[in-house]
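Here are my notes on the packing and the charged pairs in this model, set out as numbered points. Please read them with the structure open beside you.

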Amino acid sequence: MEKEKIKKSKKLKTIDIAYIGIFAALIAVCSWISIPLAVPVTLQTMAVCIAAGLLGTKKSVLTVIVYILLGLIGVPVFSGFSSGAGVLFGITGGYIIGFIFTALIVGIMLKGLGKKVWVYALSMFIGIAVCYAFGTAWFVLYNNSNSADSVTIGAALSMCVVPFIIPDIVKIAIATLLCKRLDKHVKA
C-alpha cells in the first residue's frame, strides 16, 4: 500500500499538466513581447522565473522543456515568433537551453531556503546568471566555429549580457513581487 502511495504521488496530476501548459504558453507570450531599447528586451526570463517560483523544480523544468519542444517542432514560440531547430541550435539557442538551468536553480533554492522575498530575488538572479553563462559560452563556441571572425568572451559579454543586466534586475523584481502575491493562489 505504501509503495502505491509513493508511486501515485510521483505521477503528474491533471492540474499539474494544466499548469505546465499554461506556464509554457506564458513563456511563449512573454517571448513575443519585445521592449525596444538599444538592444530589444523580451520577457522570457521573467516568465521562466515566475514559473519556477510558482510551480517548483520538477514542474517548472518540465514547463521549460515543453516550451523548447514546441519551438523545436515548429510552433512559433521563440522570440520574434520564430521556431525550429535553426533557432534552438543557432547562435542564441544556448540562452533558450539555459532557461532549464534557471528553472532548476530557482526551484531548488526556493525548496531549500523557503519562499522568502530575498530567496526569490537571489535564486532568480543566480538562475539568470547561469543562463547568461551557458548562453554566452554557446554564443562564443557557435560564432567561433561558424565564422571567420572569432569573438572573445569579453566581446560576447558586452553584446549578450551587459545590455540586459538592468532590464533583468527589473524583471527579477517584478517576478519576485508576482510570485509572492500569487503563490497562495497557485495549487502546484
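1. K59 is buried, its relative accessible area being 14%, and D16 is likewise buried, with a value of 8%. Because buried here means under 20% relative accessible area, both residues fall under that cut-off, K59 at 14% and D16 at 8%. Please keep in mind throughout that this is a predicted model.

2. These two side chains form a salt bridge, in which the closest N and O atoms lie 3.3 Å apart. K59 belongs to helix α4 and D16 to helix α2, so this pair ties together parts of the chain that are 43 residues apart in sequence. As a general matter, side chains of opposite charge can pair when their charged atoms come close.

3. How many salt bridges does the count come to? The count comes to three, and besides the pair of K59 and D16 they include one between D183 and K115, with a distance of 2.8 Å from N to O. That pair links distant parts of the chain, since D183 sits in the segment after α9 and K115 in the loop between α6 and α7, 68 residues apart. As for exposure, D183 counts as partly exposed at 23% relative accessibility, and K115 also counts as partly exposed, at 34%.

4. A further salt bridge joins the side chains of D168 and K171, at 2.7 Å from N to O. Here the partners are both in helix α9, three residues apart, and are therefore separated by about one helical turn. Both D168 and K171 are buried.

5. Turning to the nonpolar packing, the largest nonpolar core has 48 residues, and those with the most contacts inside it are Y67 and M124. At least two residues of this core come from each of α2 (14-32), α3 (44-55), α4 (57-72), α6 (93-113), α7 (117-146), α8 (153-160) and α9 (165-182). Which helix gives the most to this core? It is α3, which gives nine residues. In soluble globular proteins, nonpolar side chains tend to be buried together.

6. M124 deserves a separate look in the viewer, as one of the residues with the most contacts inside the largest nonpolar core. When its neighbours within four places in sequence are left aside, M124 is in contact with C49, V106, I172, A175, T176 and C179.

Definitions and conventions
Residues numbered from 1 in each chain as written. Predicted model: local features only at pLDDT ≥ 70, side-chain atom pairs only at ≥ 80, totals over all residues. Heavy atoms only, no water. Core = buried A, V, L, I, M, F, W, Y, C linked by side-chain atoms within 4.5 Å. Buried < 20%, exposed > 50% of the residue type's maximum accessible area, 1.4 Å probe, protein only. Helix = DSSP H or I, 4+ residues; strand = E, 2+ residues; numbered from the N terminus. Contact = heavy atoms within 4.5 Å. Salt bridge = Lys/Arg side-chain N within 4 Å of Asp/Glu carboxyl O.
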